[in-house]
Amino acid sequence: MKKSYRKWLIIASSLLCLSLLLFLIYSIQTQKEKKVVHMVYIPKLIDETNDFWTALIEGANMAAKDYDIDLVIDGGSNETDYEDQNRRIQKAIDSKADVIAVSPISYTNSTEMVKKVKESGIKLIFVDSGVDEDVADALIATDNFAAGMKMGKFMQQSLNEDSQIAIVSHVKDASTAIDRERGLRAGIGPYEDQIVEVVYCDSNYQKAYRLTKELLEKYPDLDYIAGLNEYSAVGAARAVDEIQGGASQRVKVIGFDNSLEQIKFLEKGVFQAIVVQKSFNMGYLAVETALKVLKGEKVPPVIDSGSELITKDNMYTEQNQKLLFPFFDK
Amino acid sequence: MSDEKGKWRLKFNPLFHFRSIRTTMLVSFSALIVSGLLVFLLLSLNYTTDTVLNNSSSYTLQLIDQVNADIDSYISYMDNLSDMMVGSVDVRNYLFRYNSGENKEAITQRLLNTFKTLKDSREDIYNIGIISNNGEYLINDGTDSLNAYMDYHEMDWYQKALLSGKEAVISSSHVQNVVQNDYKWVVTLSRGLVNPVNNQIEGVFFVDLNYSSINDLCEKISLGSKGYIFVVEENGGIVYHPQQHLLYSGLKTERVDEVRNSKTNSFITDEGDNSKLYTISKSDRTHWTVVGVAYLEDLLGNRKETQLTYVLIAAALFVAAVLIAILLSSMITKPIKALVKSMKKVEQGQFENVTLQTVGHNEISALTNSFNIMTEEIHHLMIQNMEEQEQKRKSELMALQSQINPHFLYNTLDSIIWMAEGGKNREVVLMTSSLAKLLRQSISNEDEIVTIASEVEYTRSYLTIQKMRYQDRLEFSIDVDPDILDLKIVKLVLQPLVENAIYHGIKYKETKGMIWVTGRNLGSIIVIRVEDNGIGMTEEQLAHIFEKKTSRKSNGVGAGNVNKRLRLYYGPEYGLTYESQLNVGTTVTIRIPNSAWEEENEEEL
């Protein structure tokens, strides 16, 4: 009699244990699911007037919402102050982020700092540009060589043996500047030797404007000026529009990025074309890739977010106007 | 051994051949309960899912119908404006100089006032203006100029308005670049204006609805944490989508075609964890389709908790049901087990304390009752049988005992006559007295057990007679320890052995035969030996010594009978043992327990 009671007890308790175990497993799983990924993105700068960075951050935020992660955007206001950016990277490391995405300001001076990220066991994603060492888990950027090539090929159509070409670049040792210039040189092919000068504006409208003016004085027969980022392109366009403006414009300008001012210059005909980066996609892909890296999925080391060459004729197509005019402005 | 084997086999029988009814019942009950619970679980979970989806679907439909209605109301409002403008004399006069009699300044002022009133009344109107083929225009507060670098004649909304006659045209979302230095995402309603001079459409009225109002309208609708709304125009172009960028660059796709082809107002996509509920609302006014997309994960967010609750309830029910099954099964199997236990006892021949108590009036108690009656009956019959057997044995023995072989009697009497005639009085007296003793002993004592002394005396009388009959051919000696003479022995065991020795051993011997009867006390046992030097036996004869020989002329009490009775009485370890050698002699040994010794030892113990 006693023995059979014990038997029931054993059966009943083992069943209870089983259900408890199931419950435990379940709650552990839900706990796991609830763990939110903490990600920090440090752009080169945060500038409300800069469509490129604004769209990029917008894209990143959209992905963060899509994937339910905790994304902190932390950037300075000066695209050349790498020391300030390095301090922000250190802050992100201290905040024990799961993954840090950086758009390094300097190709060389940011290297030591981003290495620290990896050394702290934090996943590292480069967005828009990288550094001189291969340290990141992935780089999401416009394929700047390809974008430069698009510029070069478009320019080539209106070049001849006598054409003189000048390049207004942005920051001398930034990887984007280096790659775009290389792409452009490859794109114009046989006319590469006719590039008379490359100047650097340090991502400053005024400096770009001033340098272009100097170029126009120095080379009166200049045929083509290529601005390799928004600041270079706008500064160049301003100078050309001011000096040669309107119907008498002799020098052709090709630009990079899509600020409102650039769009006006495109409508006006100062720019022959502009190459637009898909910055919204870049931001979105950065977050998406960061999550893949965290999950341990294999990702290609370099992911191209794409670029588009836009001329006056195709600027108002359904797709291109979306690229040119992001509507997060209020 | 065979029992062990049986257990072993039962233990390792295949699945569902359990050792006991109880286990079988338990397992089958549990299986039944589990399957029942599973069905219940699946049904209820499904039911919840369906209910949640239906509710969500109708809720989403309400929301997006509202969005559609809001958009319609914007458009209707703008359409009403266009009605007003189309009919306006000032518009005609301004654009086409129809009635040049009036001061242009005054007309312009009136129009600007109208524009201002309209714009002030609605915040979502971004641009309002009129424009003609020949370049006359008036936009907003009159200070805005046309975009010098882009030709408005080429613009979509302008061309469509000219082409569509008097109907208003609604554009998709686009960037309005008609005004200098102004690029705004808007939805444009445009309508052709007729030049009264030639009755041709040569101008356009347009009003731009700020796109952000539609954006806000769609954004503020919350469909779970990840759900969203998008708007598609008639030809499939996207008016609003939160991820338009990603769609254009192919990073994401939207089920625009599925939405446009859908006959129902909702459908569910099958994408695993990312399955979505699409709810569709079409507007007859704008011909736009507003689509609400909700993630099932969001909608069924608390489904996991519900599932857990269901699973826990099911587990609790299962435990309870198993406990009840255990109780029930043991209630049924307990009396059966008791019955089995009792039966085992009966099997082993134990009839004491096997009667079982019955509870209730079910089949098992009926079975128990029958069992009780049956065992009692069997017990009774066995006792009766044993008594009968005993009786039979006794009477058999008595019959045997009372039978003295008539030939032996005749021969003896003949011998007596011969001796009497020969005047051998002393011998006659001895023989007659021996015969008398023999006869007296055989009829007088009815007891089965006699003293060894009595048995020895009986044998002595028999031997005396036989010795006299066989003259000098037979000699005997009896030597029994005096301390065993008073001990008891089964009656009529010694004389038949002696008789056998004479008739089967001595009788066929040429020379004088000798019989030795010895009785010895060996402590725990008593050994009585009858030894002869007769012809002995072959091994074969010796092997069959205890078999019944009906043809015998003796009084019928053979060695087999003696042995049987000894064993019956004292147990299988006692009885007769024969040793014989052909032409040398035979020795038969009676072994019986020493009752005196047993008593002594018991006392010592």
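# Two sheets, a shared helix and a chain contact

In chain B, five strands form an open sheet in the order β2-β1-β5-β4-β3, and their pairing is antiparallel. This is a predicted model, and the values below are computed from it. A further open sheet of chain B, again described as five strands with antiparallel pairing, runs in the order β7-β6-β10-β9-β8. The points that follow take up these sheets in turn, then a pair of helices in chain B, the contact between the chains, and the make-up of chain A.

**The sheet β2-β1-β5-β4-β3 of chain B**

- The edges of this sheet are held by β2 (137–139) and β3 of chain B, each of which pairs on one side only, and from one strand to the next the twist averages 20°.
- Six bridges join β3(B) to strand β4 (residues 184–195) of chain B, the two strands running in the antiparallel sense; within this part of the sheet, Val169(B) stands opposite Ser190(B), a residue of β4(B).
- Helix α2 (residues 21–86) of chain B packs on the sheet, where it touches β1 (125–132), β3, β4 and β5 (200–210) of chain B, and the direction of the helix makes about 145° with that of β5(B).
- As a general point, the strands of a sheet pair through backbone hydrogen bonds, in either a parallel or an antiparallel manner.

**The sheet β7-β6-β10-β9-β8 of chain B**

- Here the edge strands are β7 (238–240) and β8 (266–268) of chain B, each pairing on one side only, while neighbouring strands are turned by 25° against each other on average when direction is ignored.
- Strand β6 (residues 228–232) of chain B pairs with strand β10 (residues 289–295) of chain B over five bridges in the antiparallel sense, and the bridge partner that Phe230(B) finds in β10(B) is Val291(B).
- α2(B) packs on this sheet, touching β6, β8, β9 (276–282) and β10 of chain B, with a direction that makes about 40° with that of β9(B).

**Helices α12 and α14 of chain B**

- Helix α12 (residues 406–421) of chain B packs against helix α14 (residues 452–470) of chain B at an angle of about 60°, and their axes are 10 Å apart; α12(B) and α14(B) are therefore oblique to each other.
- The crossing in which α12(B) passes α14(B) is left-handed, and the contact is made by Asn411(B), Thr412(B) and Ser415(B) on the side of α12(B), together with Ile465(B), Met468(B) and Arg469(B) on the side of α14(B).
- Sorted by class, the residues in this contact of α12(B) with α14(B) are two nonpolar, three polar and one charged.

**The contact between chains A and B**

- Chain B brings 30 residues to the contact and chain A brings 31 residues.
- On the side of chain B that touches chain A, the elements giving two or more residues are β3 (169–176), α6 (211–219), α7 (244–248) and α10 (303–347) of chain B, and the element that gives the most is α10(B), with nine residues.
- By class, the residues on that side of chain B comprise 17 nonpolar, twelve polar and one charged.

**Chain A as a whole**

- The secondary structure of chain A consists of eleven helices and twelve strands, and 47% of its 330 residues count as buried.
- Where contacts in chain A link residues at least 6 apart in sequence, 74% of those contacts join residues at least 24 apart.

Methods:
Residues are numbered from 1 along each chain as its sequence is written. Chains are lettered from A and ligands numbered from 1 in the order in which they are written. This is a predicted model: local features need pLDDT of at least 70, side-chain atom pairs count only at pLDDT 80 or more; totals for chains, interfaces and linings use all residues. Axes are lines fitted to C-alpha atoms, for helices over the stretch in contact, and angles run from 0 to 180 degrees between N-to-C directions. Helices (H or I, at least four residues) and strands (E, at least two) are DSSP runs, numbered from the N terminus. Angles under 35 degrees count as roughly parallel, over 145 as roughly antiparallel, 65 to 115 as roughly perpendicular and the rest as oblique. A crossing is left-handed if the near helix is turned anticlockwise from the far one by less than a right angle, and right-handed if clockwise. Two residues are in contact if their C-beta atoms, placed from the backbone, lie within 7 Å. Ala, Val, Leu, Ile, Met, Phe, Trp, Tyr, Cys and Pro count as nonpolar, Asp, Glu, Lys and Arg as charged, and the others, Gly among them, as polar. A residue is buried if 20 or more other C-beta atoms lie within 10 Å of its own, exposed if 12 or fewer, and partly exposed in between; C-beta atoms are placed from the backbone. Two strands pair if DSSP finds at least two bridges between them.
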